[in-house]
Amino acid sequence: MDVICYRRSLFLSLKRFYSHCCQKLRQGKLNCDVFLHKIIIFTGMSHADRNVYPSAGVLFVHVLEREYFKGEFPPYPKPGDASNDPITFNTNLMGYPDRPGWLRYIQRTPHSDGVLYGSPTSELVGKPTVIEITAYNRRTFETARHNLIINIMSTEDFPLPYQAEFFIKNMNVEEMLASEVLGDFLGAVKNVWQPERLNAINITSALDRGGRVPLPINDLKEGVYVMVGADVPFSSCLREVETPQNQLRCSQEMEPVISCDKKFRAQFHIDWCKISLVDITKVVPVHREKAEPGTGILPDMGEYKPPSETLESRDYFADFLITLAVPSAVALVLLLILGYSMCCRREGVEKRNMQTPDIQLVHHSSIQKSTKELRSMSKNREISWPLSTLPVFHHVSGEVVPPIHRDNYETTSMPLMQTQTVDFVPVASQKTQSSWYSWDIYIPRSQRSEVK
């Protein structure tokens with residue numbers, strides 16, 4: 001059905017294209033040479049479909065040849081260089097953005113051919129698979145497209161009961177897909193295995209199995225896994241890798257000793273530690289019960305009752321109390337408790353003074369008074385001496401000194417305490433260029449007569 005729809009759409013596209021070109025010819029906007037060139041390009045772009053008939057369970061290889069698409073692009077300006085056009089391919093299942101899961105594609109460079117390969121499954125037998133192939137000319141940026149119709153055929157001996165997978169270290173997947181190389185490998189396997197029927201089942205790159213990209217030195221290859229199937233049991237040579245001695249060597253990362261390795265060594269370097277031998281006749285099939293799909297109808301829940309058109313009024317006062325009044329009341333209680341503990345539970349100055357000894361209170365009050373006097377003195381140093389530093393009696397006459405003295409009163413010999421009765425006697429004075437300096441020496445009362 002997809003093929004019929006595609007051909008019908010192609011016919012309609014050709015019809016519209018021809019009518020458009022004829023209209024341009026009648027208007028004189030297109031000459032005959034250009035018209036013929038466009039017709040050739042368009043018919044080349046709508047290349048006829050190609051049908052292939054692979055067998056289920058057998059390796060399918062289809063080469064996308066660059067020479068097949070070169071005639072659909074305009075010739076290169078320089079003669080003899082048409083083969084140098086870089087051409088890449090894009091493949092996808094018709095109506096889908098990608099290829100089927102069993103089909104792979106590889107193209108190393110724009111100057112090499114592309115390859116479609118894979119192993120079709122038996123579920124696709126009788127169902128044509130349409131692959132759209134689009135060729136891109138990287139020089140002129142033109143495209144060409146045609147369809148590949150894959151008609152998968154069934155086989156009587158599918159699947160082959162005995163399958164072996166080899167890992168070839170010195171090959172890339174596109175090299176192994178070449179018919180000559182693949183034929184040489186199957187011939188070497190046939191000489192070792194001696195089956196009646198031998199088919200290549202699948203080829204997988206080591207990169208698709210989690211392998212690393214090799215370094216570009218010493219011509220290193222990616223490696224490729226090749227699975228083959230036969231109708232006879234495995235030969236003794238293939239089973240040598242299962243011996244305990246070879247298994248021990250493989251566990252120590254050493255090459256096992258295989259008697260038939262020399263039949264492959266000339267062209268293929270096989271990693272015998274990675275060989276896999278599968279006997280399908282002994283594999284226990286696992287049956288998975290699929291869940292039965294439902295009818296797609298929901299259980300009967302009664303008649304649907306939509307909400308009424310008129311909405312009932314709702315009282316939000318209870319919500320208001322819960323969201324605002326309750327937190328506010330809790331905050332107020334906490335505030336009252338905090339205020340009571342901070343203000344009402346203070347000891348106070350009177351209670352502190354009652355618990356403090358009198359001598360400490362006196363000392364504290366005297367220190368406060370002295371501090372206040374010193375602070376007042378520091379503000380103005382021309383004021384009179386504080387009363388606490390004035391003498392009570394004169395040091396010579398014994399008269400009571402008035403608390404307020406004159407401005408020219410000599411105060412250098414005044415005692416600092418009121419109970420001090422010793423005298424200061426001036427001993428010497430010296431006048432310098434700038435000012436007078438005098439020294440007062442403290443002389444006790446018992447030695448005063450000697451000084452006189």
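How many disulfides does the count come to in this chain? In this predicted model, the count comes to two disulfides, and they are described below together with a network of salt bridges, a helix that carries a UniProt annotation, and a nonpolar surface patch.

## Disulfide pairing

A disulfide is a covalent bond between the sulfur atoms of two cysteines. Numbering the bonded cysteines in sequence order gives the pairing 1-3, 2-4, and the two links are taken in turn here.

Cys237 and Cys260 form one of the disulfides, with their sulfur atoms 1.5 Å apart, and the link of Cys237 and Cys260 is left-handed, with -95° about the S-S bond. Cys237 lies in the loop between strand E10 (224-230) and helix H6 (244-251), while Cys260 lies in the loop between H6 and helix H7 (262-265), so this pair ties together parts that are 23 residues apart in sequence. Cys237 counts as buried because its relative accessibility is 9%, under the limit of 20%, and Cys260 likewise counts as buried, at 5% relative accessibility.

Cys250 is joined to Cys273 by a disulfide with an S to S distance of 2.1 Å, and this link is also left-handed, with -85° about the S-S bond. Here Cys250 lies in helix H6, and Cys273 in the loop between H7 and strand E11 (276-279), so the pair ties together parts that are 23 residues apart in sequence. Which of these two cysteines is buried, and which is partly exposed? Cys250 is buried, with a relative accessible area of 18%, whereas Cys273 counts as partly exposed at 32% relative accessibility.

## Salt bridges around Arg108

Side chains of opposite charge can pair when their charged atoms come close. A search of the whole structure finds 12 salt bridges, and among them are those that link Arg108, Glu174 and Glu222 in a network.

Within this network, the side chains of Glu174 and Arg108 meet in a salt bridge with an N to O distance of 2.8 Å. Glu174 lies in helix H4 (residues 173-176), and Arg108 in the loop between strand E4 (103-106) and strand E5 (114-118), so the pair ties together parts that are 66 residues apart in sequence. Glu174 counts as partly exposed at 23% relative accessibility, and Arg108 is partly exposed too, with a relative accessible area of 41%.

The side chain of Arg108 also meets that of Glu222 in a salt bridge, at 3.0 Å from N to O. This pair links distant parts of the chain, 114 residues apart, with Glu222 in the loop between strand E9 (198-205) and E10, and Arg108 in the loop between E4 and E5. Is Glu222 buried or exposed? Glu222 is buried, with a relative accessible area of 14%, whereas its partner Arg108 is partly exposed.

## A salt bridge within helix H3

Another salt bridge is formed by Lys70 with Glu67, the closest N and O atoms being 2.9 Å apart. Lys70 and Glu67 are separated by about one helical turn, because they are three residues apart in helix H3 (residues 66-70). Lys70 counts as buried, at 16% relative accessibility, whereas Glu67 is exposed, with a relative accessible area of 56%.

## The annotated helix and its nonpolar patch

For residues 320-343, an unreviewed UniProt entry lists "transmembrane region". In the model this span is 100% helix and 0% strand, and its end C-alpha atoms lie 33 Å apart. Cys343 counts as exposed, at 58% relative accessibility.

Which residues make the nonpolar surface patch of about 500 Å²? The patch is made by Phe317, Phe320, Leu321, Ile322 and Leu324. Of these residues, Ile322 is found in helix H8 (residues 317-344), and Ile322 is exposed because its relative accessible area is 59%, over the limit of 50%.

Definitions and conventions. Residues numbered from 1 in each chain as written. Predicted model: local features only at pLDDT ≥ 70, side-chain atom pairs only at ≥ 80, totals over all residues. Heavy atoms only, no water. UniProt positions renumbered as here; feature names shortened; annotations may be inferred. Helix = DSSP H or I, 4+ residues; strand = E, 2+ residues; numbered from the N terminus. Disulfide = S-S within 2.5 Å. Buried < 20%, exposed > 50% of the residue type's maximum accessible area, 1.4 Å probe, protein only. Patch = residues over 30% accessible without salt bridge, like charges linked within 9 Å, V, L, I, M, F, W, Y side chains within 5 Å. Areas by Shrake-Rupley, 256 points an atom, 1.4 Å probe, with all protein chains shown as cover. Salt bridge = Lys/Arg side-chain N within 4 Å of Asp/Glu carboxyl O.
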